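The paragraphs below go through a predicted model. They take up the cysteines, a pocket and a helix in turn.

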Amino acid sequence: IEYSVYGTLAKEKFENSSTKITFVLFTNGEISASSEQRKTEAYISADKIDADIIFLDYPDGCLTVDKHSVGKASCIIRQLKPDTVYLPHWDDTHQDHVAVSRIGMASCRWVDSVYLCEMPHTGYGFQPDTYVNITDFIEDKRDALLCHSSQRGKPCLDVDGVLWMARNHGYKLGYKDNYFEAFETLRRVTW
C-alpha cells in the first residue's frame, strides 16, 4: 500500500476528509518479521491518513485463490461498499501479490472503479494509463514507508528507490520535479 498507492490515498483524504479508507491485508508478512511487528507497522502507517485496517491473517507466502479467499474478500467488499479499490498488478513475481490481484478481480465485480497498482516486483505486463500527481504528498509517502522498519534493507523496498520511481513517472510524463503514482485501469464506471 505504502509503495504503490499511499500518496494517492493521502491526497484523497486531504481533498475530502470524509473519505473512508480501509486497508485490507491478506497476510501479516510474518516471513520477514514477527506478525505483531508487521501489524504494528501497518497500524502506524494507516493512522497517518486515518485509515482502518482489516487483517485476514492468511499465512505469508501461502495465499491461494480459492472459494474461501474469494468468499472472504467478497464479503468484505459487500460490507464496505467501496467506490474504488486498488489491487496489486497481476504481473508480479511475488506469489501473494498475484493471488491478491486475482482474488480482488473476482471479488470486485460490482465495484465501479478498480485500479491495478505498481508493486516492488511488478513485471512488464503493467501498462499504466492513469497517473496521480502526489508531489504535495511525497513526504507522507516517505513517512509511511519509514513506518515499516522491519522492511528496511530490502532492495525492492528502498525508500529512495520508491521515491525515485514516483519522480521518474513525472519525468516520463514531462513534469520534471513532480512525483506520480501509476495505475492500470481494470474497471471504471462513471455515473
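For Cys108, the closest cysteine sulfur is that of Cys117, and the two sulfurs are 11 Å apart, too far for a bond. A disulfide needs the two sulfur atoms within 2.5 Å. The structure as a whole holds zero disulfides. Cys108 is also buried, because its relative accessibility is 4%, under the 20% limit. Cys147 counts as buried too, at 12% relative accessibility.

Cys108 has a further role in this description, as one of the residues that line the second largest pocket. The volume of that pocket is about 160 Å³. Its lining includes the run Ser107, Cys108, Arg109, Trp110, Val111 and Asp112, together with Ser74, Ile77, Arg78, Lys81, Pro82 and Asp83. Which element gives the most to this lining? Helix H3, residues 67–80, does, with three residues. By residue class, the lining holds five nonpolar, five charged and two polar residues.

The last element to look at is helix H5, which spans residues 138–146. Its buried residues are Ile138, Lys141, Ala144 and Leu145. Seen down the axis of H5, these residues fall within an arc of 125°, so they line one face of the helix. The spacing follows from helix geometry: an α-helix has 3.6 residues a turn, so residues three or four places apart point the same way. What do the buried residues of H5 pack against? Their partners are three helices, H1 (6–15), H2 (35–47) and H6 (159–173), and strand E6 (180–188).

Definitions and conventions. Residues numbered from 1 in each chain as written. Predicted model: local features only at pLDDT ≥ 70, side-chain atom pairs only at ≥ 80, totals over all residues. Heavy atoms only, no water. 1 Å grid on protein atoms, 1.4 Å probe; cavity = no way out; pocket = protein on both sides within 12 Å on 5 of 7 lines; lining within 4 Å. Points joined across faces, edges and corners; volume = space filled by probe spheres on them. Helix = DSSP H or I, 4+ residues; strand = E, 2+ residues; numbered from the N terminus. Nonpolar A, V, L, I, M, F, W, Y, C, P; charged D, E, K, R; others polar. Buried < 20%, exposed > 50% of the residue type's maximum accessible area, 1.4 Å probe, protein only. Arc of directions from axis to C-beta. Contact = heavy atoms within 4.5 Å.
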